[in-house]
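Work through the exercises below with the sequence and the model open side by side. Each task is followed by a solution in steps.

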Amino acid sequence: GGRCQAQAAGDLDDAHYMRRCVELARKAAGHTSPNPMVGCVIVRDGRVVGEGFHPKAGQPHAEVFALRDAGNLAENATAYVSLEPCNHYGRTPPCTEALINAKVKEVVVGMTDPNPIVASKGIEKLQGAGISVRVGVEEALCRKLNEAYIHRMLTGKAFATLRATLSMNGIITNQIGKGADQSGGYYSQLMKEYDGVIISSDLAKMSALPLSREAGTNQPLCIIIAQGESSRLHIPSLSQEHASRAIVLADSPVTVEPAGVEVAVFRQIDLESILQLLAQRGLCSVLVDFREAGESFASLLNDFQEDKLVQKVVVEVLPFWLASDGLSNLAFGGSQSFPLKNLELRDVNGSVLLEGYV
Ligand code: AOF
Ligand code: ZN
């Protein structure tokens, strides 16, 4: 009777505080790579006495901010953390030490850290110091929060999401929905959260680069794919002072304007090498933005399913039928189809947004 109820209430509180951790962690979305987003809440006698999140790689971890916020009240308290506390000296000292020194009595962890230098050692260290540890509260939510970080850690490649806008008759268009790139729009949200955006040189030549319009928010790195380009590529929407926001990956030497844009030449450009290069540079996530993409750009995606290079698909369907030259988008029976999982469907300002995992 009473005991069971108390147990159930405790579980509810656990979930509630862990969701708060995730909410805090998200405040730094787009700013933490190559580090994960992490949030921490310190609770004593059923009251939140400290909160914190990891703002940026190189700065202190979530636990440190939350413990500072709690001060002496951390003693005998329960610490909720969306990711296993670290136990290593990286850019910052181990969080396990901070928690032990603060004399917390219990630590509740969302998920273990896939980073091989942490992987369960943080939990063991805390237990060794007599702190009780519970793992796996709201684990699915914590995993989704850091799906890109986890993927990079485990594969050495950036987490890739394919994005496109379609008309109702299934034709890819370079438009995006009304208000999508304004504050609060889904596209501007993607720009805030992703570390990079891959686009074709065709798009870079024609229209504004997909950079965030909101001042002070994350600016994803623009990765421009130049295949079969002439020896000169002019990017009209990129000013000299913002040259470092873009990198050109080309299959032959190319002079880019504005000067100062980095150029990397590959003998052959394939998605796997791109995702490895980006991961080496500390990007966890990248959007492959399918706008105004010619044949050669499209060919980047050949075999993406077999090679597991794309993890997620985001498709926006606009409420119109696009005039076309007939059958170009028609696939007949027998074409291979790749089912997507965990589909989500949202209504965004008059268009429909579909999300699914490969
Ligand atoms: C935590 N809390 O808030 C974060 C953690 O170079 P450093 O010192 O920042 O260490 C980076 C690693 O620490 C990162 O790869 C991940 O394993 C862990 N991140 N751990 O306890 C945090 N951001
Ligand atoms: Zn840490």
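**Exercise 1. Strand pairing at S17**

Task: Find how many bridges join strand S15 to strand S17, and whether the two run parallel or antiparallel. Then do the pairing of strand S16 with S17.

Solution.
Step 1. In this predicted model, S15 covers residues 312–317 and S17 covers residues 351–357. They are joined by 6 bridges and run antiparallel.
Step 2. To fix the register, take Val-313, which stands opposite Gly-356 in S17.
Step 3. S16 spans residues 341–348 and is also antiparallel to S17, with 6 bridges joining them. Here Asp-347 stands opposite Val-352.
Step 4. S16 and S17 make a hairpin, with 2 residues between the strands.

**Exercise 2. Positive phi at two asparagines**

Task: State where Asn-349 and Asn-342 lie. Decide for each residue whether it is buried, partly exposed or exposed.

Solution.
Step 1. Asn-349 sits in the loop between S16 and S17. Its phi is positive, about 50°, although the residue is not a glycine.
Step 2. Asn-349 has 13 C-beta neighbours inside 10 Å. The class "exposed" ends at 12 or fewer and "buried" starts at 20 or more, so Asn-349 counts as partly exposed.
Step 3. Asn-342 belongs to strand S16. Phi there is near 45°, again positive in a residue other than glycine.
Step 4. Asn-342 has 9 other C-beta atoms within 10 Å and is therefore exposed.

**Exercise 3. Cis peptide bonds before proline**

Task: Identify which residues are joined by a cis peptide bond with omega of about 5°, and which by one with omega of about 10°. Place each proline in the chain.

Solution.
Step 1. An omega of about 5° belongs to the cis bond between Ser-33 and Pro-34. Pro-34 is in the loop that connects helix H1 (2–26) with strand S1 (39–44).
Step 2. An omega of about 10° belongs to the cis bond between Glu-257 and Pro-258. Pro-258 is in the loop between strand S12 (255–257) and strand S13 (262–265).

**Exercise 4. Helix H2 and its end**

Task: List the buried residues of helix H2 and name the residue that follows H2.

Solution.
Step 1. H2 comprises residues 62–70. Its buried residues are Ala-62, Glu-63, Phe-65, Ala-66, Leu-67 and Ala-70.
Step 2. Gly-71 comes after H2, and its phi is positive, near 55°.

**Exercise 5. The surroundings of ligand 1**

Task: Which residues come nearest to ligand 1, and how does its shell divide by class?

Solution.
Step 1. There are 18 residues around ligand 1. Val-38, His-54, His-61, Gly-90 and Asn-115 come nearest.
Step 2. The shell consists of 9 nonpolar, 6 polar and 3 charged residues.

**Exercise 6. The chain as a whole**

Task: Determine whether the radius of gyration agrees or disagrees with that of a compact globule, then describe the overall make-up of the chain.

Solution.
Step 1. A compact globule of 358 residues would have a radius of gyration near 21 Å. The value for the chain is 23 Å, which agrees.
Step 2. Along the principal axes, the C-alpha atoms fill a box of roughly 70 × 45 × 35 Å.
Step 3. The chain contains 10 helices and 17 strands, and 39% of its residues are buried.
Step 4. Of the contacts with a separation of 6 or more, 67% are between residues 24 or more positions apart.

Note on methods
Residues are numbered from 1 along each chain as its sequence is written. Chains are lettered from A and ligands numbered from 1 in the order in which they are written. This is a predicted model: local features need pLDDT of at least 70, side-chain atom pairs count only at pLDDT 80 or more; totals for chains, interfaces and linings use all residues. Helices (H or I, at least four residues) and strands (E, at least two) are DSSP runs, numbered from the N terminus. Two strands pair if DSSP finds at least two bridges between them. A residue is near a molecule or strand if its C-beta atom, placed from the backbone, lies within 6 Å of it. Ala, Val, Leu, Ile, Met, Phe, Trp, Tyr, Cys and Pro count as nonpolar, Asp, Glu, Lys and Arg as charged, and the others, Gly among them, as polar. The radius of gyration is taken over C-alpha atoms; the globule rule is 2.2 Å times the number of residues to the power 0.38. Two residues are in contact if their C-beta atoms, placed from the backbone, lie within 7 Å.
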